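Open the model in your viewer and keep the sequence panel beside it. This tour tells you what to select at each stop and what you will find there.

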Amino acid sequence: MHVSTFAEAAHLTDEQVRATVLEGADAPCWSAAEQALIAAADALHVRATLSDAEFKGLSTHYEDAKIFEIILLCGFYRTVSYLANGLDLPLEANAARFPVN
């Protein structure tokens with residue numbers, strides 16, 4: 001849903017939208033700050049924690065208040081996914097679908 005609603009306003013290129021699904025945080029289309037942010041979000045999704053290196057990577061680009069916000073936002077979206085999946089909610093008709101290639 002966010003791609004349909006916010007990708008253009010966030011100035012995401014088609015390459016960046018594809019990279020969110022088909023590539024890792026180290027995709028060349030991302031800035032160093034974006035790579036640190038994506039790596040942190042991926043780590044929180046997989047392990048529900050950040051390694052010292054991941055936290056240091058974020059700290060290089062973001063102040064502590066922003067890092068706190070990043071962690072909270074990742075947790076919020078995890079909660080949303082639990083609700084949507086647990087309740088088997090239908091996909092939104094106007095939402096973008098994940099790219100295949």
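Helices here are DSSP runs of at least four residues, numbered from the N terminus. With that in hand, the order along the sequence reads α-α-α-α-α. Keep in mind that the model is predicted.

**Stop 1: the whole chain**

Show everything as a cartoon. You should count 5 helices and 0 strands. The C-alpha trace spans about 40 × 30 × 25 Å along its principal axes. Now colour by accessibility. Of the 101 residues, 18% are buried.

**Stop 2: the N-terminal end**

Select residues 2-6, which form α1. S4 sits in this helix. S4 counts as partly exposed because its relative accessible area is 40%, between the 20% and 50% cut-offs. Draw a distance from the C-alpha of S4 to that of A65. The viewer should give 28 Å, for two residues 61 apart along the chain.

Move on to H11, in the loop between α1 and α2. Check its backbone: phi is near 60°, a positive value in a residue that is not glycine. Why stop for that? Because most residues other than glycine have a negative phi. The side of the question about solvent is simple too: H11 is exposed, at 67% relative accessible area.

**Stop 3: the loop after α3**

Select α3, residues 32-47. Its last residue number, 47, brings you to R47, which forms a salt bridge with E54. The closest N and O atoms of this pair are 2.5 Å apart. R47 is partly exposed, at 41% relative accessibility. Side chains of opposite charge can pair when their charged atoms come close.

Next, select A48. This residue lies in the loop between α3 and α4. A48 also has a positive phi, about 60°, although it is not a glycine. A48 is exposed, with a relative accessible area of 65%.

**Stop 4: helix α4**

Select residues 52-61 for α4. Pick G57, found in this helix. Is G57 buried or exposed, or something in between? G57 is partly exposed, because its relative accessible area of 22% is not under the 20% cut-off for buried. Measure from its C-alpha to that of A39: the separation is 8.9 Å, with the two positions 18 residues apart in sequence numbering.

**Stop 5: helix α5**

Select residues 64-86. This is α5, with 23 residues. From first C-alpha to last, α5 reaches 33 Å, close to the 33 Å expected at 1.5 Å a residue. Show the side chains of K66 and E69. They meet in a salt bridge, 3.9 Å from N to O. Both residues lie in α5, 3 residues apart, about one turn of the helix. K66 is partly exposed, at 42% relative accessible area. E69 is partly exposed as well, at 46%.

How many salt bridges does a search of the whole structure find? The search finds 2. You have now visited R47 with E54, and K66 with E69.

Just after α5, select D88. This residue takes a positive phi of about 50°.

**Stop 6: the largest nonpolar core**

Select A36, A40, A43, L44, L50, L58, I67 and I70 and show them as spheres. These 8 residues make up the largest nonpolar core. Both α3 and α5 supply at least two residues of this core. The biggest contribution is from α3, with 4 residues. In soluble globular proteins, nonpolar side chains tend to be buried together.

**Stop 7: the largest pocket**

Finish with a surface view. Select H2, V3, T20, Y77 and F98, the lining residues that lie nearest the centre of the largest pocket. In total, 46 residues line this pocket. Its volume is about 2,400 Å³. Four helices give two or more residues to the lining: α1, α2, α3 and α5. To see α2, select residues 14-22.

Which element gives the largest share of the lining? That is α5, with 14 residues. Colour the lining by residue class to end the tour: 31 are nonpolar, 7 polar and 8 charged.

Note on methods. Residues numbered from 1 in each chain as written. Predicted model: local features only at pLDDT ≥ 70, side-chain atom pairs only at ≥ 80, totals over all residues. Heavy atoms only, no water. Expected span 1.5 Å × (residues − 1). Salt bridge = Lys/Arg side-chain N within 4 Å of Asp/Glu carboxyl O. Buried < 20%, exposed > 50% of the residue type's maximum accessible area, 1.4 Å probe, protein only. 1 Å grid on protein atoms, 1.4 Å probe; cavity = no way out; pocket = protein on both sides within 12 Å on 5 of 7 lines; lining within 4 Å. Points joined across faces, edges and corners; volume = space filled by probe spheres on them. Nonpolar A, V, L, I, M, F, W, Y, C, P; charged D, E, K, R; others polar. Core = buried A, V, L, I, M, F, W, Y, C linked by side-chain atoms within 4.5 Å.
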